[in-house]
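User: I would like to go through this two-chain model with you. Could we begin once it is on the screen?
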Amino acid sequence: MRSPVARRVSRGGAIVRAAASRSVDQVEWIGRVVRSPFCLSPGARRLAARTVVNQVRFTATDALPLIGFIAFLVGGTVILQAYAQAVRLGVGDMPVRLLVTIIVRELGPLITALVVLGRSGTAIAAEMASSTVHGETEALEAFGVDPVHAFVLPRVVGLSISAMLLTIYFDTLAFASGIAAARALAAVPLALSLESLRLVLSATDVVVTFAKAAVFGAGIALICSRTGLTVRRSQPTEVPQAVTAAVVMSMLFIFGVSAVVTFAVYA
Amino acid sequence: MNAPAELDGLVLAAPGDEPVGPMTWRMPPGVWAVLLSSGCAAALVRACTGTQKPVRGRVLVLGIDPASCSRAERQRLNRRCTPWLLPPALLSNATIRSTIALPMRHDPAWRQDEVEQRVDEVLELCGITRWAWRRPADVPPPARTLASLARALGPRPELLVTDDFASRMDREQCASIVSMLRSSVPAVMIATAVPQRIGAAVDGVVDPLQYPVPEAL
């Protein structure tokens with residue numbers, strides 16, 4: 001009979017062991033995805049390229065109206081809020097500076113990633129989970145095809161490219177909307193807005209923003225694919241659970257990475 | 001010469017049931033077809049392709065144990081030994097043609113023009129050319145079963161492992177399938193619970209496993 005202390009220690013050890021094993025699995029999984037472009041046959045590479053194009057079409061092209069609408073609202077709202085403060089503090093170019101700081105550095109990649117997660121991440125998780133439940137993933141393995149090569153890699157590349165393209169689109173529209181709002185509210189000349197933009201926006205901002213968008217896209221695809229592929233065969237009730245888990249984990253990833261990058265680069 | 005397939009004290013987990021086995025058996029080299037009377041056909045097919053680990057014992061396919069080899073070795077083995085899966089588990093978001101072509105496209109040994117040609121051949125062989133550009137959901141179940149067979153024949157395997165197709169077909173259909181397999185594959189391991197339906201059509205060794213108790217041939 002073990003003492004309560006020994007039982008607690010044993011339980012704690014089991015939890016740590018399980019967490020470590022999961023971490024090793026995740027690292028092994030990411031390693032497989034990273035290695036996979038170098039293992040593809042020419043035929044598989046062509047197939048993957050076609051899937052990437054389709055993924056970009058579904059994730060980026062089809063999301064343009066939604067992203068455009070959100071960007072328009074966000075750009076206008078930021079300027080509206082900033083203008084009220086600027087008038088109070090007597091700082092003329094503050095709204096445009098704020099627009100750059102908030103939109104480019106934070107909101108652009110963040111909102112784009114959330115839209116990509118909501119539209120495509122959930123679809124990927126559901127598709128992978130349903131493929132696994134119906135034995136399609138297992139069938140691929142039985143024919144010597146790695147599901148990472150056939151399913152995951154094209155989605156990681158596709159979402160990464162899509163998130164970057166959508167972030168460019170979001171930022172451009174949000175700026176346009178913000179500058180239009182500034183002009184309407186405070187009669188700020190267009191030339192002055194563009195000049196402020198040029199002075200405030202640095203190359204670091206642009207690089208960090210697009211790198212962040214690419215990481216968000218790849219991370220969403222990785223998390224959603226992984227979660228979808230880990231459901232059990234012939235267990236359809238696990239499909240919605242997998243989608244929910246994928247969304248929660250992806251959101252934690254997006255906000256976590258965003259905070260870490262902001263702290264590391266701008267703090 | 002390696003036996004195409006060899007079971008060595010193999011115990012398999014059957015879903016929702018007691019483990020099946022132990023099974024010890026050797027498929028003689030050079031025979032065309034072997035019938036196994038087994039209540040665990042699906043589990044046996046999975047064990048042969050390395051997608052299910054045995055509870056105990058091992059299975060050797062073309063001299064290799066799929067449960068203990070590396071992922072890369074297993075991929076190479078799965079290109080030499082293909083399964084006829086039932087239910088077919090075809091890719092739901094791809095056409096029948098793409099699904100059949102996929103394993104060959106991922107195999108560096110196949111050129112693109114060879115893949116296209118081979119896919120046309122197996123589609124015609126299985127009589128499902130008219131369904132080639134449809135997705136599985138738009139295809140009747142018998143054609144899906146044949147599409148699964150076409151996918152297994154595509155890579156020109158050295159050994160074809162079949163799930164229990166005989167229990168889904170009558171004697172005439174079984175005879176026609178066996179005749180098609182005879183012209184296409186060097187060795188076939190047929191796991192079936194109703195060997196009497198195809199026994200007459202096979203001129204290879206008919207070798208029922210002693211576990212579980214086979215039906216009368």
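The conversation below covers the interface, some backbone features and the buried interior.

User: What kind of model is this, and how are things numbered?

Analyst: This is a predicted model, in which local features need pLDDT of at least 70, side-chain atom pairs count only at pLDDT 80 or more, and totals for chains, interfaces and linings use all residues. Residues are numbered from 1 along each chain as its sequence is written, chains are lettered from A and ligands numbered from 1 in the order in which they are written, and side-chain values use heavy atoms, with hydrogens and water left out.

User: How many residues does each chain bring to the contact?

Analyst: Chain A brings 24 residues and chain B brings 26; contact means heavy atoms within 4.5 Å. The area buried between the two chains is about 2200 Å², and carbon and sulfur atoms give 56% of that area. Buried area is the accessible area (1.4 Å probe) that two parts lose on being put together, summed over both.

User: Which three residues of chain A supply more of its buried area than any other three?

Analyst: They are Glu136(A), Ala142(A) and Phe143(A), which supply 29% of the area that chain A buries against chain B.

User: What about salt bridges and polar contacts?

Analyst: The rule finds four salt bridges across the interface of chain A and chain B, a salt bridge being a side-chain nitrogen of Lys or Arg within 4 Å of a carboxyl oxygen of Asp or Glu. Glu141(A) forms a salt bridge with Arg71(B), with the closest N and O atoms 3.9 Å apart. Eight residue pairs, both residues at pLDDT 80 or more, are in polar contact across the interface. A polar contact is a pair of N or O atoms within 3.5 Å; within protein, one must be able to donate a hydrogen and the other to accept it, and residues adjacent in sequence count only if both atoms are side-chain atoms.

User: Which element gives the largest share of chain A's side?

Analyst: H5(A) does, with six residues. Helices (H or I, at least four residues) and strands (E, at least two) are DSSP runs, numbered from the N terminus.

User: Changing topic: where does the cis peptide bond lie?

Analyst: The peptide bond from Leu86(B) to Pro87(B) is cis, with omega near -5°. Pro87(B) lies in the loop between strand E5 (81–84) and helix H3 (96–105) of chain B. Most peptide bonds are trans.

User: Which residue in the loop between E4 and H2 of chain B deserves a look?

Analyst: Leu62(B) lies in that loop. Leu62(B) has a positive phi of about 50° although it is not a glycine. Leu62(B) is also buried, with a relative accessible area of 13%; buried means under 20% relative accessible area, exposed over 50% and partly exposed in between (1.4 Å probe, protein chains only).

User: And the interior: which residues have the most contacts inside the largest nonpolar core?

Analyst: Ile128(B), Leu159(B) and Met189(B) do, in a core of 73 residues. A nonpolar core is a set of buried Ala, Val, Leu, Ile, Met, Phe, Trp, Tyr and Cys residues joined through side-chain atoms within 4.5 Å. Apart from it lies another core of 55 residues, including Ala71(A) and Leu91(B).

User: Is Ser225(A) buried or exposed?

Analyst: Ser225(A) is buried, with a relative accessible area of 0%. Ser225(A) lies in helix H8 (residues 203–229) of chain A, and its side chain reaches the backbone oxygen of Ala221(A) at 2.6 Å.
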